[in-house]
Amino acid sequence: MCNQHKTTSRVLSAPHAKAKFENTTIERRELRADDVLIDIKFSGICHSDIHSAFDEWGGGMFPMVPGHEIAGVVEAVGESVTKYKVGDRVGVGCFVDSCGECEYCVNGDEQYCTKGVVQTYNSLDYDGNPTYGGYSQKIVVKEGFVVRIPDKLSMDAASPLLCAGITTFSPLKHWNAGPGKKVAIVGMGGLGHVAIQFAHAMGAEVTVLSRSNNKKEEALSFGANHYFATSDETTFTELAGRFDLILNTVSANLNVDQYLSLLRVDGTLVNVGAPANPDQYSVFSLITGRRSIAGSLVGGIRETQEMLDFAAEHGVAPMIEVIDAKQVDEAYERVLRSDVRYRFVIDISTL
Ligand code: NAP
Ligand code: ZN
């Protein structure tokens, strides 16, 4: 089925940084030959949405429609689309276009495209038009940037996998989390609680480092082998030199030296959490153990599909709280207070 017209979509839009969301409308582009029109069912709230809507990273483009954890159903396809048909359950993550030609795009690492990846929102597409994300009834995306949601995954719980899932799956795989590896997950929020499940499913020995003991029972139910509160200073002496890999999912700055001291020789601290201010650490924390500090940005399209299929196969599922569109401002406040277990997902039918 083709769609020769622009599509009007209700959206939640922030008129300026830190503003309350307004329920308004935008136009989605006419379908190009390789486009898919998606009727969005659920959209997760990532902490990156808050960093962006509050313009904490700078460069925010307003009005802004956040949302890059999109789960929906195909409503129409352009004439050359072959991968999807009307009615298919699909997802869209953090980006919607890339050059397709640079070595990173060719290798399936589109997020590192040398031309600059087009983010799902708060970005300009290659024609110079602003992009608007998933707090929206409809979205039009090139078929190559759409992934399939396996039947085994429910739509609402699948949505957070499109960012929280791939952002943790990709580095865990890249740094070989698996049997015989001791992996620590720092921060048990939206990303962290999925990271525990993936690291466990990959066969690693998983330790959770959370500020308090409040989340211990749930961490163990997600597959963690050990759990420590970082508010307890003895945690850092007890775990010194323990881990091959530490995945830091925290949205705020940490005492990096303290965490580096928990790595074995040759261990790596991978940051996916993206606080606005720079981190500080002593180079001695690295050279005394040939340790590395690294970072990782979401994951490519092929790998996102692999992650969804892996989640379906291994029963990895975000624990979510589904909310109405009018609760999003309040949900942001609650995420900032870490009062979420463990991901808010907007029911788009309430928009
Ligand atoms: P979230 O749900 O708010 O979780 C963050 C967790 O960090 C909290 O649950 C809390 O865990 C811990 N935390 C928060 N404030 C802290 C503080 N002041 N000190 C120590 N720990 C603190 O956020 P999220 O959606 O998982 O996102 C986490 C970060 O990843 C954000 O910065 C986001 O922008 C970034 N991100 C990056 C990528 C990427 O591609 N690299 C992709 C998505 C998101 P405990 O209660 O367990 O301590
Ligand atoms: Zn995200």
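1. A residue counts as buried under 20% relative accessible area, as exposed over 50%, and as partly exposed in between. Glu-75, with a relative accessible area of 30%, is therefore partly exposed. The structure discussed here is a predicted model, and the points below should be read with that in mind.

2. Glu-75 has a salt-bridge partner in Lys-138, with 2.6 Å from N to O between the two side chains. The pair connects distant parts of the chain: Glu-75 belongs to strand S4 and Lys-138 to strand S8 (residues 138-142), 63 residues apart. Lys-138 has a relative accessible area of 15%, so this partner is buried, whereas Glu-75 is partly exposed.

3. Which residues are joined with Glu-75 and Lys-138 into one network? Asp-39 and Lys-41 are the other members, and the joining is through salt bridges that share partners. For the model, the count of salt bridges comes to 17.

4. A salt bridge between helices is formed by the side chains of Lys-173 and Glu-306, at 2.7 Å from N to O. Lys-173 sits in helix H4 (residues 164-174) and Glu-306 in helix H10 (residues 301-314), so the contact ties together parts that are 133 residues apart in sequence. Lys-173 is partly exposed, with a relative accessible area of 36%. Glu-306 is partly exposed as well, at 34%.

5. Arg-341 and Glu-218 form another salt bridge, their closest N and O atoms being 3.0 Å apart. Here the linked parts are a loop and a helix: Arg-341 is in the loop between helix H11 (328-336) and strand S17 (343-347), and Glu-218 is in helix H6 (residues 216-221). The two residues are 123 residues apart. Arg-341 counts as partly exposed at 35% relative accessibility, and Glu-218 counts as partly exposed at 22%.

6. Which protein atoms are donors of the zinc ion (ligand 2)? They are SG of Cys-46, NE2 of His-68 and SG of Cys-163, and they lie 2.0 to 2.2 Å from the ion. Along the chain these donors follow the spacing C-x21-H-x94-C. Cys-46 is in the loop between strand S3 (35-44) and helix H1 (47-53), while His-68 is in the loop between H1 and strand S4 (70-77). This pair is 22 residues apart and links distant parts of the chain.

7. Are the zinc donors Cys-46 and His-68 buried or exposed? Cys-46 has 2% relative accessibility, so this donor counts as buried. His-68 has 8% relative accessibility and counts as buried too.

8. On the surface, Tyr-104, Tyr-112 and Leu-297 make a nonpolar patch of about 270 Å². One of these residues, Tyr-112, lies in the loop between helix H2 (103-106) and strand S7 (118-119). The relative accessible area of Tyr-112 is 36%, so this residue is partly exposed.

9. As to annotation, an unreviewed UniProt entry places the feature "domain: Enoyl reductase (ER)" at residues 10-346. In the model, this span is 24% helix and 26% strand, and its end C-alpha atoms lie 13 Å apart.

Terms used
Residues are numbered from 1 along each chain as its sequence is written. Chains are lettered from A and ligands numbered from 1 in the order in which they are written. This is a predicted model: local features need pLDDT of at least 70, side-chain atom pairs count only at pLDDT 80 or more; totals for chains, interfaces and linings use all residues. Side-chain values use heavy atoms; hydrogens and water are left out. Patches are made of residues with over 30% relative accessible area and no salt bridge: like charges are joined within 9 Å, nonpolar side chains (Val, Leu, Ile, Met, Phe, Trp, Tyr) within 5 Å. Accessible areas come from the Shrake-Rupley method with a 1.4 Å probe; for residues, only the protein chains shown count as cover. A salt bridge is a side-chain nitrogen of Lys or Arg within 4 Å of a carboxyl oxygen of Asp or Glu. Helices (H or I, at least four residues) and strands (E, at least two) are DSSP runs, numbered from the N terminus. Buried means under 20% relative accessible area, exposed over 50%, partly exposed in between (1.4 Å probe, protein chains only). UniProt positions are given in the numbering used here, feature names are shortened, and annotations may be inferred rather than shown by experiment. Donors are N, O and S atoms within 2.8 Å of the metal (3.2 Å for Na, K and Ca); water is not among the atoms, so sites may look incomplete.
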